[in-house]
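Here is a friendly briefing to read alongside the model on your screen. Have the viewer ready, and follow along topic by topic.

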Amino acid sequence: MSSKEKPTLGGTRIKTRKRNITAPLDPAAFADAVVQIYLDNAGDLELIAKSIESSDLNFSRYGDTFFEVIFTGGRTQPGTIKADEGDKHSYSVLDCEATREAILPSVLYIQKVLRRRPFLIKNLENVMRRFLQCLELFTENNEKKKLAIFTALTFSQKLSGLPPETIFQPLLKDNLVDKGLVLPFITDFFKEYLKDSNIDDLIALLKKGKMDDNMLEFFPTAKRSAEGFSDHFMKEGLVSLVEYNQKKIFDVKMKEMKSTLKNKIEEEADISEVIDLMKQQVRDSKMPDIEVIRLLWDVLMDAVQWSGKNQQQNANAALRQVKTWAELLNAFCTNGKLELELIYKVQIQCYEDAKLMKLFPEIIRSLYEQDVLAEDTILLWFRKGSNPKGRQTFVKSLEPFVKWLDEAEEEE
């Protein structure tokens, strides 16, 4: 008998997986349903929030459409802010007054919705990014200002999870900036945000959005300068923002000057060359004379090769540095006020640095001998100095030198 299987007529049953049947997308019907909720409740956001909560609408599928209805009163055509066919309501963000009082309720309403449906934050991002990229299409009834106020309130009211970079970056499109559309928008944003928050909060927000170093990019190219920045925001009453930016520019210039001087000291460059270079940088940066004195002393002392615990070696190194660069200090200590500031710098450093505590009188004497400090300035500090840090100790340690100055003056 054959061992082969006999053929059958039944064939082989092949199992097939049933395909998922998906319902067709119908954002228009969703938008109409949301609009109807607004109309049924006559724009009362408390009642609307309750109706939204109890509805069986598919928010996970139509999240973008939901926020379009909140902003514009209806569904918008893809990639635009232009209304699409369908129902509309007149209680939207763009239909209300361009004031904080009128727009804040919509922000608080969205907060309630997001607490229940946090996944919708991504849809809010999508819609806001699209609207900001279409900024030039907002033309009626202060629409851009309304959007700016709304955007500021979303951050000042800590609307959960909205990343700043997704809001700021779309504004940097060249065509929007060069047309002058971005600067008024961001100005309104700053004004509104600072009503609830301070300048530190605003800067923290800009840092998260990677814009704290790029604020000039909000300005059209022709107006993109530090002076243009200050003039614009000063006129708009944003003094704290102007002061922050000026300090930032100052800190950058200070860092550059410190780096230049440090390099020249390490190269043992000719002092006259260093003086000319520093004077040019001071003119270019418009740095106050007092800040220059502070900078010079800090860099000169930072460049000293300290020996650790050997007090005598530290003293010799500090005094050698003073003697070597006295001509540089003298070039900028041009009056008694600046000389007094230099003494204060020495006082503070000797007070804060244990290895220099006993060097104060020797440093002051060396600066006197190198004609950096005048006798009158030293006596003024000794008798009426106002900085309290270590003052009693330093006054006592300087007494022998002051006594010597008095005796020398009597002899003359």
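Two residues are in contact when they have heavy atoms within 4.5 Å of each other. With that in mind, 69% of the contacts in the chain between residues at least 6 apart in sequence join residues at least 24 apart. Please remember that this is a predicted model.

**The chain as a whole**

- The chain holds 20 helices and zero strands.
- Its radius of gyration is 35 Å, well over the 22 Å that the globule rule gives for 412 residues, so the chain is more spread out than a compact globule.
- Measured out along its principal axes, the C-alpha trace spans about 125 × 85 × 40 Å.
- Of the 412 residues, 45% count as buried.
- About 23200 Å² of the chain is exposed, and carbon and sulfur atoms supply 48% of that area.

**Helix α6, an enclosed helix**

- Helix α6 covers residues 143-156, and at 1.5 Å a residue its 14 residues should span 20 Å; the end C-alpha atoms are 20 Å apart, which agrees.
- Is α6 enclosed or open? Because 12 of its 14 residues are buried, α6 is largely enclosed by the rest of the structure.- Among the buried residues of α6 are Glu143, Lys146, Leu147, Phe150, Phe155 and Ser156.
- The cover over the buried residues of α6 includes α3 (59-72), α4 (100-116) and α5 (121-133), along with α7 (165-168), α9 (182-196) and α10 (199-208).
- Just after α6, Lys158 takes a positive phi of about 55°.

**Salt bridges: the overall picture**

- Side chains of opposite charge can pair when their charged atoms come close.
- How many salt bridges does a search of the whole structure find? The search finds 24.
- One network of salt bridges links Arg100, Glu192, Lys195 and Asp196.

**A pair within helix α9**

- Glu192 and Lys195 form a salt bridge through their side chains, at 3.4 Å from N to O.
- Both Glu192 and Lys195 lie in helix α9, three residues apart, which is about one turn of the helix.
- An α-helix has 3.6 residues a turn, so residues three or four places apart point the same way.
- Glu192 has a relative accessible area of 3%, so it is buried, being under the 20% cut-off.
- Lys195 counts as exposed because its relative accessibility is 57%, over the 50% cut-off.

**A pair that joins two parts of the chain**

- The side chains of Lys248 and Asp213 meet in a salt bridge at 2.4 Å, N to O.
- Lys248 is in helix α12 (residues 239-266), while Asp213 is in the loop between α10 and α11 (226-235), so this pair ties together parts that are 35 residues apart in sequence.
- With a relative accessible area of 21%, Lys248 is partly exposed.
- Asp213 counts as exposed, at 56% relative accessibility.

**One more pair to look up**

- Lys264 and Glu267 also meet through their side chains in a salt bridge, at 3.8 Å from N to O.
- Is Lys264 buried or exposed? Lys264 is buried, with a relative accessible area of 18%.
- Its partner Glu267 counts as exposed, at 54% relative accessibility.

Notes: Residues numbered from 1 in each chain as written. Predicted model: local features only at pLDDT ≥ 70, side-chain atom pairs only at ≥ 80, totals over all residues. Heavy atoms only, no water. Helix = DSSP H or I, 4+ residues; strand = E, 2+ residues; numbered from the N terminus. Expected span 1.5 Å × (residues − 1). Buried < 20%, exposed > 50% of the residue type's maximum accessible area, 1.4 Å probe, protein only. Salt bridge = Lys/Arg side-chain N within 4 Å of Asp/Glu carboxyl O. Rg over C-alpha atoms; globule rule 2.2 N^0.38 Å. Areas by Shrake-Rupley, 256 points an atom, 1.4 Å probe, with all protein chains shown as cover.
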